[in-house]
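Here are some short exercises to work through with the model open in your viewer. Try each task before you read its solution.

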Amino acid sequence: MLRVFLILVILFALSFSMELRKVGEGVYMAEGTYGLPSKENRGFISNAYGVLTREGWVVIDTLSTPELAREFISELNKIKNVPILYVIATHYHMDHWFGIAPFKEEGAKFIAHANLKRFYEDGSADMVLESAQRSYGVFNSVKLFPPDIVVEERVKLRIGGNTLEIIPMTPAHTNTDLVIRFGDILFVGDLVSYKRIPFLGDRNASTKGWLDVLNRLSKFHFKKLLGGHGDPMGRDAIRWTKDYITYVREKVKELKDEGLFVDEVKSALKDTPFKNSYMYKEFHMKNVYSVFNELDMEL
Ligand SMILES: [Zn+2]
């Protein structure tokens, strides 16, 4: 009886604990599950990373909520109780920077693309937050802050003996995408994914620009890609992402040229070779729809 009780306690603890995983020298990862934010997953649907330098932590992405961010910070402190110096958002989607508040309370400097600051200042960020609060029910304690430091061109961040290079790569998944290079690791946000359908439907996305970015990334020297979702990836993930985006663009263009309307294109492309990938039912139809519109703009 006691044993059953203990197992239940352990299972309960496991389902809520945020175990960090070492994914490189001084690099730790919190890995979210696949899905849209919900009460069940508490919005833990994306990854965050801690990079340990001689002077303190640099964090890549904040997770979706202050609650998750606080858990992440306390796990980082268990590894080494040193200040969090910087937190960098790979882009402006909610699961990558809505957990910003506790990092600000810790005194970290917030770094993001200049367009994230514009998105904050023109009120768009608050509108997205309000609609996310209505839709998902896990964002009630989110408090947003503008970046302290904005990036628009490639910059090097030197901390102690370490260098992190921040490289804007826009427009692609959004108009705020940053890639961060640390040694032979590239943090790629949502620019690269493997067997998980990328979201092409952001209002500032450009699949054309995204393919250029993937070509640029494929020329980099690196050993590991750490993304916003899923496990650490290798070079084949760039190919996989490129294949999906190219497939959608080419098929939509073909059908459009035949004179099909958007709804007809959508039903023709419901079933594709990518249908067994994660997030297919959540994102694929939206992707077809937005690529249809994007191709209009390209003409
Ligand atoms: Zn994203």
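**Exercise 1. Find the residue with a positive phi just after α6, and describe the helix before it.**

Step 1. Go to Gly137, just after α6: its phi is positive, about 70°.
Step 2. Look back along α6, residues 124-136, which has 13 residues. Helices here are DSSP runs of H or I with at least four residues, strands are runs of E with at least two, and both are numbered from the N terminus.
Step 3. Check the span: α6 reaches 18 Å from its first C-alpha to its last, close to the expected 18 Å. That expectation is 1.5 Å times one less than the number of residues.

Two notes before you go on. Residues are numbered from 1 along each chain as its sequence is written. The model is predicted, so local features need pLDDT of at least 70 and side-chain atom pairs count only at pLDDT 80 or more, while totals for chains, interfaces and linings use all residues.

**Exercise 2. Work out the order of the strands in the open sheet of 7 strands, and what packs on it.**

Step 1. Trace the order, β1-β2-β3-β4-β5-β6-β7, and note that the pairing is mixed. Two strands pair if DSSP finds at least two bridges between them.
Step 2. Mark the edge strands, β1 (21-24) and β7 (149-151), each of which pairs on one side only.
Step 3. Begin at β1, which is antiparallel to β2 (residues 27-30) over 3 bridges. Here Arg21 stands opposite Met29 in β2.
Step 4. Add helix α2 (residues 66-79), which packs on the sheet and touches β2, β3 (48-52), β4 (57-60) and β5 (84-88). Touching means contact, with C-beta atoms, placed from the backbone, within 7 Å.
Step 5. Add helix α5 (residues 114-121), which also packs on the sheet, touching β6 (109-113) and β7.

**Exercise 3. Is β6 largely enclosed or not, and how does β6 pair?**

Step 1. Count burial: 4 of the 5 residues of β6 are buried, so β6 is largely enclosed by the rest of the structure. A residue is buried if 20 or more other C-beta atoms lie within 10 Å of its own, exposed if 12 or fewer, and partly exposed in between; C-beta atoms are placed from the backbone.
Step 2. On one side, β5 and β6 are parallel over 3 bridges, with Ile88 opposite Ile111 in β6.
Step 3. β6 also runs parallel to β7, joined by 3 bridges, and His113 has Val151 in β7 as its bridge partner.

**Exercise 4. Which residues touch the most other members of the largest nonpolar core?**

Step 1. Take the 78 residues of this core; Tyr49, Val59, Val87, Ile88, Ile180 and Phe187 touch the most other members. Such a core is a set of buried Ala, Val, Leu, Ile, Met, Phe, Trp, Tyr and Cys residues joined through C-beta atoms within 7 Å.
Step 2. Helix α8 (residues 236-257) supplies the largest share, 6 residues.
Step 3. Zoom in on Ile88: leaving aside neighbours within four places in sequence, its contacts are Val58, Ile60, Ile111, Ile166, Leu178 and Ile180.

**Exercise 5. Is Asp184 buried or exposed, and what is it in contact with?**

Step 1. Find Asp184 in the loop between β10 (178-182) and β11 (185-189).
Step 2. Asp184 has 12 C-beta neighbours inside 10 Å, so it counts as exposed.
Step 3. Beyond its neighbours within four places in sequence, Asp184 is in contact with Phe222, Lys223 and Lys224.

Technical notes:
Contact = placed C-beta atoms within 7 Å. Axes fitted to C-alpha atoms, helices over the stretch in contact; angles between N-to-C directions.
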